[in-house]
Amino acid sequence: MSEERGLPRIGDHAPDFSAVTTQQTDFNFSVWQEQHWVVLFSHPADFTPVCTTELMAFAQASDQFRQRGVKLIGLSVDSIHAHLAWLRSIHDKMGVTIPFPMIADVDMRVAKLYGMIHANASSTATVRAVFVIDPKRVIRALLYYPLNAGRNVDEILRLVTALQTTDRFACATPAN
């Protein structure tokens with residue numbers, strides 16, 4: 001789905017794509033996803049303070065996501081070289097290893113496909129977008145945050161848990 005056609009919506013089929021990631025040079029989204037839930041998230045830029053805290057928070061919660069059958073994957077329009085240097089810096093300075101792939105999207109192809117570039121915010125950086133995608137590759141939830149406000153990873157984990165619960169028990173989930 002291109003920016004001209006509008007932002008992806010809940011219930012849309014998640015677009016497939018190929019890209020370079022920190023873990024694979026020939027990454028294909030649908031092959032990588034297999035039959036798992038996915039949290040695909042974007043950040044504005046490598047080496048920035050807020051983005052670094054978010055990446056570390058996702059890394060620290062990665063076991064909880066994995067226990068729920070969820071794969072994490074990040075994206076920004078930075079190069080693969082910038083991503084690798086940033087991940088190394090986070091490990092060296094903070095002692096945190098990032099266990100999930102980061103998509104290098106220099107040409108903004110994937111970011112545009114998922115509506116992560118908002119011209120009124122920036123034409124050269126992604127907003128903080130989160131897509132929760134189910135095992136059938138259907139977008140179940142999406143969240144957009146401005147460039148200057150970090151996300152709450154506990155809320156994203158709660159949202160995934162709520163979606164999985166509603167699927168399993170055909171119910172609605174209350175607040176919190």
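Let's start with an aromatic cluster. Phe17, Phe27, Phe29, Trp32, Tyr114, Phe131 and Tyr144 group together as one cluster. Keep in mind that this is a predicted model. Now look at tryptophan 32 in that cluster. Lysine 71 puts its charged end over the ring of tryptophan 32, at 4.9 Å from the ring centre. Tryptophan 32 turns up again in a nonpolar core, and I'll come back to that.

Next, the aromatic pairs. How many does the structure hold? There are 11 aromatic pairs. Take phenylalanine 41 with phenylalanine 58. Their ring centres are 4.0 Å apart and the planes meet at 15°, so this pair is stacked. Where do the two rings come from? Phenylalanine 41 belongs to strand β3, residues 37–42, and phenylalanine 58 to helix α2, residues 49–60. These parts are 17 residues apart in sequence, so the pair ties them together. Are the two rings buried or exposed? Phenylalanine 41 has 1% relative accessibility, so it counts as buried. Phenylalanine 58 is buried too, at 0%.

Phenylalanine 41 has another partner, phenylalanine 100. That pair is edge-to-face, with 5.7 Å from centre to centre and 75° between the planes. This is a link between distant parts of the chain. Phenylalanine 41 sits in strand β3, while phenylalanine 100 sits in the loop between α4 (80–94) and β5 (102–104). The two are 59 residues apart. Phenylalanine 100 is buried, with a relative accessible area of 4%.

That leads into the nonpolar cores. The largest one has 29 residues. Which residues make the most contacts inside it? They are Val39, Leu55, Phe58, Phe65, Ile98, Phe100 and Val132. You have already met Phe58 and Phe100 as ring partners of phenylalanine 41. The elements giving two or more residues to this core are β3, α2, β4, α4, β6 (128–133), β7 and α6. Helix α6 gives the most, with 6 residues.

Stay with valine 132 for a moment. What does it touch, leaving aside neighbours within four places in sequence? Its contacts are Trp37, Val38, Val39, Val138, Ile139, Arg140, Ala141, Leu159, Val160 and Leu163. There is also a second, separate core of 23 residues. It includes Ala14, Trp32, Ile133 and Ile139. So tryptophan 32, the ring under the lysine 71 charge, is part of that second core.

Now a polar residue. Serine 76 lies in strand β4, residues 70–76. Serine 76 is at 0% relative accessibility, so it counts as buried. Its side chain makes a polar contact of 2.7 Å with the side chain of aspartate 78. Setting aside residues up to four places away in sequence, serine 76 touches His43, Asp46, His83, Ile103, Ala104, Asp105 and Thr126.

Last topic: salt bridges. Side chains of opposite charge can pair when their charged atoms come close. A search of the whole structure finds 8 salt bridges. I'll walk through some of them.

Aspartate 63 and arginine 66 meet at 2.4 Å, N to O. Both are in helix α3, residues 62–67. They are 3 residues apart, about one turn of the helix. Aspartate 63 is partly exposed at 46% relative accessibility. Arginine 66 is exposed at 51%. The cut-off for exposed is over 50%, so these two residues fall on either side of it.

Then there is arginine 109 with aspartate 107. In this salt bridge the closest N and O atoms are 4.0 Å apart. Arginine 109 is partly exposed, with a relative accessible area of 42%. Aspartate 107 counts as exposed, at 53%.

Arginine 140 and aspartate 167 form a salt bridge as well, at 2.8 Å, N to O. What does this pair tie together? Arginine 140 is in strand β7, residues 139–145, and aspartate 167 is in helix α6, residues 153–169. Those parts are 27 residues apart in sequence, so the salt bridge ties strand to helix. Aspartate 167 is partly exposed, with a relative accessible area of 43%. Arginine 140 is also among the contacts of valine 132.

One more. Glu54, Arg128 and Arg151 are joined into one network by salt bridges that share partners.

Terms used: Residues numbered from 1 in each chain as written. Predicted model: local features only at pLDDT ≥ 70, side-chain atom pairs only at ≥ 80, totals over all residues. Heavy atoms only, no water. Phe/Tyr/Trp six-rings, centres within 6.5 Å; stacked < 30°, edge-to-face > 60°. Helix = DSSP H or I, 4+ residues; strand = E, 2+ residues; numbered from the N terminus. Buried < 20%, exposed > 50% of the residue type's maximum accessible area, 1.4 Å probe, protein only. Lys NZ or Arg CZ within 6 Å of the ring centre and 35° of its normal. Polar contact = N/O pair within 3.5 Å; in protein donor to acceptor, adjacent residues only side chain to side chain. Contact = heavy atoms within 4.5 Å. Salt bridge = Lys/Arg side-chain N within 4 Å of Asp/Glu carboxyl O. Core = buried A, V, L, I, M, F, W, Y, C linked by side-chain atoms within 4.5 Å.
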